[in-house]
Amino acid sequence: MGFFGIASSWIWLAGGILLLAAETTLPGVFLIWVGLAAIATGLVLFAVPMSGTMQLIMFAIFGLAAILLGHRIQQRQKTVATDSPFLNERGKSLVGNVYLLESAIVNGAGSVRIGDSVWRVTGADLAIGTKVKVTGVDGGTLMVEPA
């Protein structure tokens with residue numbers, strides 16, 4: 001029957017399954033949506049035979065819809081509330097807290113002890129034992145000001 005007959009349905013289905021399989025071996029989450037669009041195109045072609053141009057248009061429409069759906073799902077997952085918002089950003093959880101300088105801030109650099117860790121701090125020169133408030137974080141360095 002050629003590409004435009006029933007065989008094209010199987011080609012779309014096989015292509016979609018191959019894309020889904022490729023998704024498991026490649027990083028990212030993109031091929032799954034294109035693969036689902038190819039499978040949907042193949043399923044529709046079982047019921048309604050179409051020309052090659054119409055098949056490509058239908059695949060493009062299914063692909064766009066699947067990608068938009070995937071984007072929406074990913075955005076929802078990013079906004080899930082958590083009880084540990086700073087789990088991988090411990091420094092940010094320290095902003096606003098007050099600590100004692102363990103070593104004086106000289107030439108803009110010093111340190112504070114927080115629990116069993118010593119953190120590098122930057123700010124105006126201050127004497128050892130001065131109370132400082134954390135105002136920000138730059139990588140692993142806390143920015144402080146006198147409290």
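# Strands, rings and one salt bridge

S1 and S2 pair in the antiparallel sense, over 3 bridges. I start there, on a predicted model. One bridge in that pairing joins Val-106 to Ala-109 in S2. The hairpin of S1 and S2 has 2 residues between the strands. Asn-107 sits in that hairpin with a positive phi near 55°.

S1 has another partner. It pairs with strand S4, residues 131-138, again in the antiparallel sense and over 3 bridges. Look at Tyr-99: opposite it, in S4, stands Val-132. A general reminder while you look at the strands. Side chains in a regular strand alternate between the two faces of the sheet.

Now the charges. How many salt bridges does the count come to? The count is 1. The side chains of Glu-102 and Arg-113 make it, at 2.8 Å from N to O. Glu-102 is in strand S1, residues 98-106, and Arg-113 is in strand S2, residues 109-114. The two are 11 residues apart, and the pair links distant parts of the chain. Is Glu-102 buried or exposed? Neither: its relative accessibility is 32%, so Glu-102 counts as partly exposed. Arg-113 also counts as partly exposed, because its relative accessibility is 43%.

Let me step back to the whole chain. It has 4 helices and 5 strands. From the N terminus on, the order is α-α-α-α-β-β-β-β-β. So far I have spoken about strands; the helices come next.

A few totals before that. The chain has 147 residues, and 28% of them are buried. The exposed area is about 9400 Å², with 67% of it supplied by carbon and sulfur atoms. Take contacts between residues at least 6 apart in sequence: 41% of these join residues at least 24 apart.

On to the aromatic rings. How many aromatic pairs does a search of the whole structure find? It finds 2. Trp-10 and Phe-46 form an edge-to-face pair. Their centres are 5.1 Å apart, with 80° between the planes. Trp-10 lies in helix H1, residues 6-25, and Phe-46 in helix H2, residues 31-47. The pair therefore ties together parts that are 36 residues apart in sequence. Trp-10 is exposed, because its relative accessible area is 54%. Phe-46 has 35%, so Phe-46 is partly exposed.

Next, Trp-12 and Phe-59. Why is this pair tilted? The planes stand at 40°, and tilted is the class between 30 and 60 degrees. The ring centres are 4.9 Å apart. Trp-12 is in helix H1, and Phe-59 is in helix H3, residues 52-78. That pair links distant parts of the chain, 47 residues apart. Trp-12 counts as buried, because its relative accessibility is 11%. Phe-59 is at 22%, so Phe-59 counts as partly exposed.

Stay with Trp-12 for a moment, since it brings in Thr-41. Where does Thr-41 lie? In helix H2. Thr-41 has a relative accessible area of 0%, so Thr-41 is buried. What does Thr-41 touch, leaving out residues up to four places away in sequence? Trp-12, Gln-55, Met-58, Phe-59 and Phe-62. Both rings of the tilted pair, Trp-12 and Phe-59, are on that list.

Now the surface. Which residues make the nonpolar patch? Trp-10, Leu-43 and Phe-46. The area of the patch is about 340 Å². Trp-10 and Phe-46 you have met as the edge-to-face pair. Trp-10 sits in helix H1.

One last residue: Val-48. Val-48 lies in the loop between H2 and H3. Its relative accessibility is 41%, so Val-48 counts as partly exposed. Along the chain, Val-48 and Ser-9 are 39 residues apart. Their C-alpha atoms are separated by 9.9 Å.

To recap, with the model on screen. In the strands, find the salt bridge of Glu-102 and Arg-113. In the helices, find Trp-10 with Phe-46, then Trp-12 with Phe-59. Then find Thr-41, buried in helix H2.

Note on methods: Residues are numbered from 1 along each chain as its sequence is written. This is a predicted model: local features need pLDDT of at least 70, side-chain atom pairs count only at pLDDT 80 or more; totals for chains, interfaces and linings use all residues. Side-chain values use heavy atoms; hydrogens and water are left out. A salt bridge is a side-chain nitrogen of Lys or Arg within 4 Å of a carboxyl oxygen of Asp or Glu. Buried means under 20% relative accessible area, exposed over 50%, partly exposed in between (1.4 Å probe, protein chains only). Contact means heavy atoms within 4.5 Å. Accessible areas come from the Shrake-Rupley method with a 1.4 Å probe; for residues, only the protein chains shown count as cover. Rings of Phe, Tyr and Trp (its six-membered ring) pair if their centres lie within 6.5 Å; planes under 30 degrees apart count as stacked, over 60 as edge-to-face and the rest as tilted. Patches are made of residues with over 30% relative accessible area and no salt bridge: like charges are joined within 9 Å, nonpolar side chains (Val, Leu, Ile, Met, Phe, Trp, Tyr) within 5 Å. Two strands pair if DSSP finds at least two bridges between them.
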